[in-house]
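Visitor: I am new to this structure and should like to learn how to read it. Would you guide me through its features in turn?

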Amino acid sequence: MSNYNESTAGRKTGEVILDVQNISLRFGGVKALTDISFNVREHEIRSIIGPNGAGKSSMLNCINGVYTPSEGSITFRGQTFSHMNSRQVAEMGVARTFQNLALFKGMSVIDNIMSGRNLKIKSNILLQALRIGPAEREEIKHREFVENIIDFLEIQAFRKTPVGQLPYGLQKRVDLGRALAMEPQVLLLDEPMAGMNLEEKQDMSRFIMEINEEFGTTIVLIEHDMGVVMDISDRVVVLDYGKKIGDGSPDEVRNNEEVIRAYLGSSH
Ligand SMILES: Nc1ncnc2c1ncn2[C@@H]1O[C@H](COP(=O)(O)OP(=O)(O)OP(=O)(O)O)[C@@H](O)[C@H]1O
């Protein structure tokens, strides 16, 4: 039976699904991360915050296999890894969105979201290209799945629009749709509200909470907007100069003196 906890955000969170243990990462002389440990519980919205250059994106890149930590390990659903490659991570059910969008700008919204479905497509490439037999049936099934995501994200009007022609806030939504197409158990979101106006931020917060509630997806969020972070997170990790300086509920983190000092001394 699962060991459920009730977070201060009122969300029922489960057992530890992702456990980051003593991760360190160097870029030449720069220590981007020093001995970072924290865990993420199933169904949780877990945020990582910190001033510019604190190591947040580096941490996400270690989790999803883009970077190899120099020390430490990551345990996902009870399996421990010192390094994973990105494909392996995706196959295990971890998807992510990117701070600098990684979309195909000339392709339509549908095709961009469909590209997130590639791992799920089983038929061979020749059958797919010819669109015959099982490949055709499979394609119809995947297209339906993608259409549901488009409805969920309320971007029906832009289905066929090349992504590069959409306003930035909607491009961020398509990036989220591409990650959702992978049906992830854990969704890593790298600054999903960056560059957005207030209304776009409110929409994005609502989508994140709905994904968490309706699909039960565990969310790891990097975000600079403190209002959003404190509003929707169950627990927050705080990094500063590559070190962990705080970890706890939004209230605990808000009242942590080291965290207050780090933020007062930075531009955020
Ligand atoms: N590919 C890289 N090569 C060299 N140094 C890097 C690289 N990526 C990050 N760094 C350095 O590692 C440190 C942590 O950077 P990181 O981008 O992880 O921070 P961040 O908290 O995500 O910052 P921001 O909020 O500005 O996105 C910084 O000193 C940065 O300059």
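Guide: The conversation that follows goes from the whole protein to its domains, its core, its ligand shell and some single residues.

Visitor: What kind of model is this, and how confident is the predictor in the protein?

Guide: This is a predicted model. The average pLDDT of the protein is 89, and 90% of the residues score at least 70. For the complex, the predictor gives an ipTM of 0.95 and a pTM of 0.89.

Visitor: How many helices and strands does the protein have, and what percentage of its residues count as buried?

Guide: There are ten helices and twelve strands in the protein. Of its 268 residues, 40% count as buried. One may also ask how far along the sequence the contacts reach. Among contacts between residues at least 6 apart in sequence, 68% join residues at least 24 apart.

Visitor: Into which domains is the protein divided?

Guide: The division is into domain 1 (1-93 + 184-268) and domain 2 (103-183). Domain 1 is thus written as two segments, 1-93 and 184-268. Where the two domains meet, eleven residues of domain 1 are in contact with ten residues of domain 2.

Visitor: Which elements supply the side of domain 1 that touches domain 2?

Guide: Both α2 (86-91) and α7 (198-215) supply at least two residues of that side. The largest share, four residues, comes from α7. By residue type, the side of domain 1 that touches domain 2 divides into eight nonpolar, one polar and two charged.

Visitor: How should I read a nonpolar core?

Guide: The general idea is that in soluble globular proteins, nonpolar side chains tend to be buried together. In this structure, the largest nonpolar core has 65 residues, and Val109, Ile113, Leu187 and Leu188 touch the most other members. This core draws at least three residues from each of domain 1 and domain 2.

Visitor: Which residues does valine 109 touch?

Guide: Leaving out residues up to four places away in sequence, valine 109 touches Ile150, Ile155, Phe158, Arg159, Thr161, Val163 and Val174.

Visitor: Is leucine 103 buried or exposed?

Guide: Leucine 103 counts as buried because 21 C-beta neighbours lie inside 10 Å, and the cut-off for a buried residue is 20 or more. Leucine 103 is found in the loop between β8 (94-97) and α3 (109-115). Apart from neighbours within four places in sequence, leucine 103 is in contact with Asn112, Val163, Gln171, Val174 and Asp175. Val163 and Val174 are also among the residues that valine 109 touches.

Visitor: Which residues are around the ligand?

Guide: They are Phe27, Val30, Ala32, Gly50, Asn52, Gly53, Ala54, Gly55, Lys56, Ser57 and Ser58. The elements that give two or more residues to this shell are β4 (30-41) and α1 (56-63). With three residues, α1 gives the most. The shell divides into four nonpolar, six polar and one charged.

Visitor: Strand β4 gives residues to that shell. Which residues does aspartate 35 touch?

Guide: Aspartate 35 lies in strand β4. Not counting residues up to four places away in sequence, aspartate 35 touches Asn22 and Ser24. Aspartate 35 counts as partly exposed, because it has 14 C-beta neighbours inside 10 Å. Between aspartate 35 and glutamine 21, which are 14 residues apart in sequence, the C-alpha to C-alpha distance is 7.7 Å.

Visitor: How should I read the sign of phi?

Guide: Most residues other than glycine have a negative phi. In this structure, phi of histidine 43 is near 75°, a positive value. Glutamate 183 also has a positive phi, near 50°.

Visitor: Where are histidine 43 and glutamate 183 found, and is each buried or partly exposed?

Guide: Histidine 43 is in the loop between β4 and β5 (45-49), and it is buried, with 24 other C-beta atoms within 10 Å. Glutamate 183 lies in the loop between α6 (168-180) and β9 (186-190). Glutamate 183 is partly exposed, with 16 other C-beta atoms within 10 Å.

Visitor: Where does arginine 77 lie?

Guide: Arginine 77 lies in the loop between β6 (71-76) and β7 (79-81). The C-alpha atoms of arginine 77 and valine 16 are 7.7 Å apart, with their positions 61 residues apart along the chain. Arginine 77 is partly exposed, with 14 other C-beta atoms within 10 Å.

Technical notes:
Residues numbered from 1 in each chain as written. Predicted model: local features only at pLDDT ≥ 70, side-chain atom pairs only at ≥ 80, totals over all residues. Near = placed C-beta within 6 Å. Nonpolar A, V, L, I, M, F, W, Y, C, P; charged D, E, K, R; others polar. Core = buried A, V, L, I, M, F, W, Y, C linked by C-beta atoms within 7 Å. Buried ≥ 20, exposed ≤ 12 C-beta atoms within 10 Å, placed from the backbone. Domains from an automatic or database assignment. Contact = placed C-beta atoms within 7 Å. pLDDT = per-residue confidence, 0-100.
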